Amino acid sequence: MSRGGKSPTDTALAAARSGVATVTVPARRPLTGVERAAVLMLSLGETHGAKIWRMLDDDEIRTISLAMSTLGNIDATDVEELLVEFVGRLSATGALMGNFDSTERLLQQFLPADRVNMIMEEIRGPAGRNMWEKLSNVQEQVLANYLKNEYPQTVAVVLSKIKSEHAARVLAILPEELSLDVVSRMLRMESVQKEVLDRLEETLRTEFMSNLSQTRQRDAHELMADIFNNFDRQTETRFLTALEENNRESAERIKTLMFTFDDLVKLDTGSAQTLIRQVDKDKMAIALKGSTDAVREFFLKNMSTRAAKMLADDMQAMGPVRLKDVDESQAMMVNLAKDLAAKGEITISKNRGDDELVY
């Protein structure tokens, strides 16, 4: 018998005496401890639950919030039995629906907006209507690092379900022996039973998606390199000079990670020509007007003879140009190159062996 309430046997006997027929319903999957806590907090609502939420740390809030957002429908009977065990009576809300929106609204009542946004971003995970769409939006290196420790058959199933272009990028990162095994299994793969897919989705949801926030945070030097890339030339020089005096090692590392206009000369021929076709010719003339001879020669040789001559003539005819205009035009070309690389239309390298910049 549960504490403070009637047993199922007592309930059945009472129903029989009153002449009310009893109905047998399928047994619901037992709730885990975290899910039980999630049901309780949803039942308490913002008024009665606020004090409890404030006593929880971020990890506890995150864990319970994740459970709340994936509960789905909870029958009123199940809610009642759970609350009888905890507090002896049912709150007036009856049946509950746990989803992302109700979870976010509840958290907003007693937590700062930035904490709510952070927690909801983590529990929602990558964008997508289902698990496979979400996985297709997970950065390929992160997904590959997780899959390389899984069974090859599991990896094969996952890669067969996500977008083909994303699967290709993940497959290219995996260890060669594993990737070849996975390709072989994908070629022999038949239809996967729904039960197997359901278990795999649940595992990915609980073991991977919910732990994305615990993966390695972005290196501070990479972040600063991106910031420095957006400085104008004078500001960049001022900060780098000051940093070299205080921390030469960090300054050198930032300079190594920065992708600058001069790095465009490391584009392969196809990538350089793709970039040239996308750039406004007036902006390119200004950018090259303030560049080094090596950079200017690189772009001119990747153009047709006629186009190169016209551009050279334009640069000569424009006379002196402001340094600010040069910086803006060069920054525009660098940002365009990054955008094209992100779309997979060009490849940009920092010339560090086979390492590529990923944006």
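Two residues are in contact when heavy atoms of each lie within 4.5 Å. The model discussed here is predicted. Among its contacts between residues at least 6 apart in sequence, 71% join residues at least 24 apart. The chain contains 20 helices and 4 strands. It has 359 residues, and buried ones make up 35% of them. The exposed area comes to about 22100 Å². Carbon and sulfur atoms supply 50% of that area.

Start with the interior. The largest nonpolar core holds 27 residues. Phe261, Leu264, Leu275, Phe299 and Met333 have the most contacts inside this core. Five helices each supply at least two of its residues: H16 (269-278), H17 (281-289), H18 (293-301), H19 (305-317) and H20 (323-342). Helix H20 gives the largest share, 5 residues.

Phe261 is a good place to look inside this core. Leaving out residues up to four places away in sequence, Phe261 touches Ala287, Leu288, Ser291 and Val295. Phe299, Gln330, Met333 and Val334 are also on the list of residues that Phe261 touches. Another core lies apart from this one, with 23 residues. Val138, Tyr146, Val182 and Leu204 are among them.

Aromatic rings come next. Phe261 belongs to an aromatic cluster together with Phe298 and Phe299. Across the whole structure, 3 aromatic pairs are found. One of them joins Phe228 and Phe239, with ring centres 6.2 Å apart and planes at 70°. Edge-to-face pairs need planes over 60 degrees apart, so the Phe228 and Phe239 pair is edge-to-face. Phe228 sits in helix H13 and Phe239 in helix H14 (residues 233-246). The two are 11 residues apart, and their pairing links distant parts of the chain. How exposed are the two partners? Phe228 counts as buried, at 2% relative accessibility. Phe239 is partly exposed, with a relative accessible area of 37%.

The rings of Phe298 and Phe299 make another pair. Their centres are 5.3 Å apart and their planes stand at 85°, so this pair is edge-to-face too. Phe298 and Phe299 are both buried.

Now turn to charged side chains. The whole structure has 8 salt bridges. In one of them, Asp181 meets Arg185 with an N to O distance of 2.9 Å. Why are these two about one helical turn apart? They are separated by about one turn because they lie 4 residues apart in helix H11 (residues 176-188). Asp181 is partly exposed at 28% relative accessibility. Arg185 is partly exposed as well, at 26%.

Helix H15 (residues 248-257) holds Arg248 and Glu252. These residues form a salt bridge, and their closest N and O atoms are 3.9 Å apart. The cut-off for a salt bridge is 4 Å, so the Glu252 and Arg248 contact at 3.9 Å counts as one. They are 4 residues apart in the helix, so about one helical turn separates them. Glu252 is partly exposed, with a relative accessible area of 35%. Arg248 reaches 51% relative accessibility and counts as exposed. Exposed means over 50%.

Asp325 and Arg322 form a further salt bridge, with the closest N and O atoms 3.1 Å apart. Asp325 has a relative accessible area of 23% and is partly exposed. Arg322 counts as exposed, at 54% relative accessibility.

Asp327 also has its place in helix H20. Is Asp327 buried or exposed? Its relative accessible area is 13%, so Asp327 is buried. Setting aside neighbours within four places in sequence, Asp327 is in contact with Asp232 and Arg233.

Finish at the surface. Leu223, Met224 and Ile227 form a nonpolar patch there. Together the three have about 230 Å² of accessible area. Met224 is found in helix H13 (residues 220-229), the helix that also holds Phe228. At 31% relative accessibility, Met224 counts as partly exposed. Patch residues need over 30% relative accessible area, so Met224 passes at 31%.

Terms used. Residues numbered from 1 in each chain as written. Predicted model: local features only at pLDDT ≥ 70, side-chain atom pairs only at ≥ 80, totals over all residues. Heavy atoms only, no water. Buried < 20%, exposed > 50% of the residue type's maximum accessible area, 1.4 Å probe, protein only. Areas by Shrake-Rupley, 256 points an atom, 1.4 Å probe, with all protein chains shown as cover. Patch = residues over 30% accessible without salt bridge, like charges linked within 9 Å, V, L, I, M, F, W, Y side chains within 5 Å. Core = buried A, V, L, I, M, F, W, Y, C linked by side-chain atoms within 4.5 Å. Phe/Tyr/Trp six-rings, centres within 6.5 Å; stacked < 30°, edge-to-face > 60°.
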